[in-house]
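Student: I am new to this structure and would like a close look at one part of it. Please pick a residue, go through its surroundings, and then place that part within the rest.

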Amino acid sequence: MKYLLKYSAALLLPLLALSSCREEPNYPDEPRIEFRRVEQFHFQENGIQRDSLVLVVGFEDGDGNLGLTRSNDPNHADRQAPFDQPPYNNNFITDLYVKRPVAPGSLDSTFVKYQFPVAGFDFSGRFPRLSADERQEPLEGEIKYSLNITSDIFRPGEVIKFDIFIYDRTTPLPNKSNVVETRPVKLFTQ
């Protein structure tokens, strides 16, 4: 019994060391995303209701080239072609849908793509680089993307949702992720 206790500790230590070695995941180079949640915060400012929405998506990427700098330096690689013009100037792409009645007076409703009053405006934007260097290695985690919606455009109680996808930094053409749909969000309600 004395030897069993003495040698079991010596055998247990190498087993723990070997079990802690983790093999790197093998993800494709095209980013994959999944919808996680929408965090919603309500504010009122100068008589206008405001909802701050945080869209949270999980991601996996095999070569880790996600994110674009927010720098305004025109010589930065993330401000050169193809990232200097649509559709690749943004890497977090959103399509907004609003729940509308199928017909006037109908109780049935469906989501329709929202037409912004200003041409070319939407809620798409850039999320920053997720890796500090240019090494190609798998990455996984969450992207939290914030936006603000105000009651001067949408009515209290209106229901919206988003379709989301992301681009990576592959050149000459970035890889596009799959598209995910958020849960419906009721605006300006507690």
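Tutor: Take T69, which is buried because its relative accessible area is 16%, under the 20% cut-off. Keep in mind that this is a predicted model. T69 sits in the loop that links β2 and β3. So we are looking at a loop residue that is nonetheless buried.

What surrounds T69? Setting aside residues up to four places away in sequence, T69 touches H76, D78, R79, R126 and R129. Its side chain also reaches the backbone nitrogen of S71, at 3.1 Å. Now look further along the chain, to L130. T69 and L130 are 61 residues apart in sequence. Their C-alpha atoms are separated by 9.7 Å.

Next, compare another loop. E158 lies between β5 and β6. E158 is buried too, because its relative accessible area is 6%, again under 20%. Its side chain makes a polar contact with the side chain of R100, at 2.3 Å. Leaving out residues up to four places away in sequence, E158 touches R100 along with V98, V185, K186 and L187.

Some of those names come back when we turn to I160. Beyond four places in sequence, I160 is in contact with V98, V185 and L187, among others. The rest of its list is L53, L96, Y97, F111, I149, R183 and P184.

I160 also brings us to the largest nonpolar core, which has 27 residues. F92, I149, I160 and F162 touch the most other members there. Several strands feed this core: β1 (32–45), β2 (48–61), β3 (92–101), β5 (139–150) and β6 (159–166) each give two or more residues. β5 gives the most, with 5 residues. A second core stands separate from it, with 6 residues. Its members include F83, Y88, F165 and Y167.

Now go back to the two loops. The T69 loop runs between β2 and β3, and the E158 loop between β5 and β6. These four strands are among the elements that give two or more residues to the largest core.

Finally, how far does the predictor's confidence go? The mean pLDDT of the chain is 88, and 88% of its residues reach 70 or more. Residues 3–9 are another matter. Their pLDDT stays under 50. The model has 0 contacts beyond four places in sequence for that stretch.

Notes. Residues numbered from 1 in each chain as written. Predicted model: local features only at pLDDT ≥ 70, side-chain atom pairs only at ≥ 80, totals over all residues. Heavy atoms only, no water. Core = buried A, V, L, I, M, F, W, Y, C linked by side-chain atoms within 4.5 Å. Buried < 20%, exposed > 50% of the residue type's maximum accessible area, 1.4 Å probe, protein only. Contact = heavy atoms within 4.5 Å. Polar contact = N/O pair within 3.5 Å; in protein donor to acceptor, adjacent residues only side chain to side chain. pLDDT = per-residue confidence, 0-100.
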